[in-house]
Amino acid sequence: MAFKIVASQCSACGACEFECPNAAIRMKGDTFIVEAAKCTECDGDTPRCLGVCPVENTLIKA
Amino acid sequence: MILFEALTGAAGAKEKTLETSSGCSSSACGSSSGPDDLAPEIWAKVKDHPCYSEEAHHYFARMHVAVAPACNIQCNYCNRKYDCANESRPGVVSERLTPEQGAKKVLAVAASVPQLSVLGIAGPGDALYDWRKTRATFDAVVKDLPDIKLCISSNGLALPDHVDEIVAMNIDHVTITINMIDPEIGAKIYPWIFYQHARYTGLEASRLLHERQMLGLDMLVARGVLVKVNSVLIPGVNDAHLVEVNREVKKRGAFLHNVMPLISDPAHGTHFGLTGQRGPTAQELKIVQDACEGGAKLMRHCRQCRADAVGMLGEDRGQEFTLDKLPETVAIDFAKRDAYRSQIEAKRELHAFARMAVKPAAETALARAPLTVAVATKGDGLINQHFGHAKEFLIYRADGAGVKFLGARKIADQYCQGGLGEDSSLAGIITLLSDVDVLLCAKIGGCPKGELKAAGIEPSDDYAHEFIEPSIAALYAKRGAEIPADA
């Protein structure tokens, strides 16, 4: 399981990329994407990316 | 009776100004900060910064580059998907720049705007949380433009972590947005903060934010960095509280306090906009600013410019410098920049002379009731604007201590539309100026003149094309002489 970013809602601020402990998020085109293979959902803790994302319902479970 | 004429000569008042000075028209504002009332080393730092020195803001331009999109808090007045109007940060709707693009834009502007003296990074998110991008931009610019001043604006949460680097990079101006020192009030403004990889909400979030802001402020002051505090005035939430913020930040050594009105509109999709939290009226803002006098020095000339704004404080030339319009290579003419600086010094002396004349004239008025005056001007410190063409009015107060600039008030639509007066505009103007006693302009038509008079605002073109402050001082003195001493 992993998280994914709803591209149409993403404001491309880059905070999630900055916070991800596994470097699983990167920029693609005008928005950001999560590389599912690298995402560990922060091992059960509250996911960091979700915590910092400013737009609601944009970082969701894949 | 008009002393300034003897000093500058009538020609001085009508002198055509530099082609480049087309922005803000106030010729002195705030608790006039000139060389006399500041320590020399501080004056040296602020004299060319248009935000930190009200005198400098007539001559110098600043620009912001929107290179820092990531933010670590959420404020109820900000919608990250919309250009935030309050903290002068565009969001994603307008042009966001990479550090390289930002640097290129700065150099292009410096090449064609010789009065550019400050580069600020204010967003669109938080300049310190997104430090990598802020630092990269500054590094790139300083290489080619070593004389530019660097400036940062931030919510302060990440500030303590970056003070060392701020000092190392010679960033000697930092603005922190402090809307509260009481977490209970903060909880109404900040739904959440993100700190040390975790989200905090409610009282705990505001408590943390407050502690980090105070710590950051203390650290900067200890290292000799000039700190300006921005506060967003939110009626019903922190209006009574801001005077406490003012006293606290002054105690801790902040250089300037800028109280700005909340800009709130449901169309922005911000929490405050959608829940009907309104911004303050011009009069409410003035009341809070006046209450703060005597504490931390107030900035009165803030124009709440956009994070990608370019130009003197009253204008925005950003559209001339969008990415697609930037030239491939840029050559900066340093000789032109230096020449401009010399011209500035000459102009500054002229204005200083004009302002010197103000004090003696006001003194003769003794302890009369203060006079609130609105001025229509299009620049250079002169009363040179036709009432019908004014897009904003500069508000001054004259009393026994002298003439003081209180702020600028924009109007929605100018009165004169295509040669005819608009009644609805006039009604709006009258509301905006309801606390004004006298309105000075270069010219005014009979109809608006009558309406203003009926509303208790006395219009006058007696001082058309004269310098602003000396005219107000003369008017005030004249009033004092006309009223019997025991009235």
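**Chain B: helices, domains and contacts**

Chain B is built from 15 helices and 18 strands. Keep in mind that this is a predicted model. Chain B has 487 residues, and 52% of them count as buried. What about contacts that bridge distant parts of the sequence? Taking contacts in chain B between residues at least 6 apart in sequence, 73% join residues at least 24 apart.

The domain assignment splits out two pieces of chain B: domain 1 covers 34–325, and domain 2 covers 365–482. Where these two touch, domain 1 of chain B puts in 4 residues and domain 2 of chain B puts in 7 residues. On the domain 1 side, that comes down to 1 nonpolar, 1 polar and 2 charged residues.

Now for the helix pairs. Two packed helices are described by the angle between their axes and the distance between the axes. One pair is H3(B), residues 99–112, and H4(B), residues 131–144, whose axes come within 8 Å and cross at roughly 35°. The crossing of H3(B) and H4(B) is right-handed. From H3(B), the contact draws on Pro99(B), Glu100(B), Gly102(B), Ala103(B), Val106(B) and Leu107(B). H4(B) answers with Lys133(B), Ala136(B), Thr137(B), Ala140(B), Val141(B) and Asp144(B). Sorted by class, the residues in this contact of H3(B) with H4(B) are 7 nonpolar, 2 polar and 3 charged.

Another pair is H8(B), residues 242–251, and H10(B), with axes that come within 9 Å and cross at roughly 35°. The crossing of H8(B) and H10(B) is right-handed. Here H8(B) brings Leu242(B), Val243(B) and Asn246(B), while H10(B) brings Val288(B), Ala291(B) and Cys292(B). The contact of H8(B) with H10(B) has 5 nonpolar residues, 1 polar residue and no charged ones.

H10(B), which spans 282–292, turns up again as part of the cover over the buried residues of H13(B). That cover also includes strand E14 (402–410), strand E16 (420–421) and helix H14 (446–454) of chain B. So which residues of H13(B), residues 423–432, are buried? They are Leu426(B), Ile429(B) and Leu432(B). These buried residues sit on the same side of H13(B) because they cover an arc of only 120° around the axis. Flip to the face turned away from that buried side, and there are the exposed residues Asp423(B), Ser424(B) and Ala427(B).

Zooming in on a single residue, Lys47(B) is found in the loop between helix H2 (40–46) and strand E1 (61–64) of chain B. Why does Lys47(B) count as partly exposed? It has 19 other C-beta atoms within 10 Å, and a residue needs 20 or more to be buried, but 12 or fewer to be exposed, so Lys47(B) lands in between. Setting aside neighbours within four places in sequence, Lys47(B) is in contact with Ser53(B) and Ala56(B). As for Ala122(B), which is 75 residues from Lys47(B) along the chain, the C-alpha atoms of the two are separated by 21 Å.

Finally, chain B also meets chain A. Here 14 residues of chain B are in contact with 13 residues of chain A. The side of chain B that touches chain A is made up of 6 nonpolar, 5 polar and 3 charged residues.

Notes: Residues are numbered from 1 along each chain as its sequence is written. Chains are lettered from A and ligands numbered from 1 in the order in which they are written. This is a predicted model: local features need pLDDT of at least 70, side-chain atom pairs count only at pLDDT 80 or more; totals for chains, interfaces and linings use all residues. Ala, Val, Leu, Ile, Met, Phe, Trp, Tyr, Cys and Pro count as nonpolar, Asp, Glu, Lys and Arg as charged, and the others, Gly among them, as polar. Axes are lines fitted to C-alpha atoms, for helices over the stretch in contact, and angles run from 0 to 180 degrees between N-to-C directions. Helices (H or I, at least four residues) and strands (E, at least two) are DSSP runs, numbered from the N terminus. A crossing is left-handed if the near helix is turned anticlockwise from the far one by less than a right angle, and right-handed if clockwise. The arc is that of the directions from the helix axis to the C-beta atoms. Domain bounds come from an automatic or database domain assignment.
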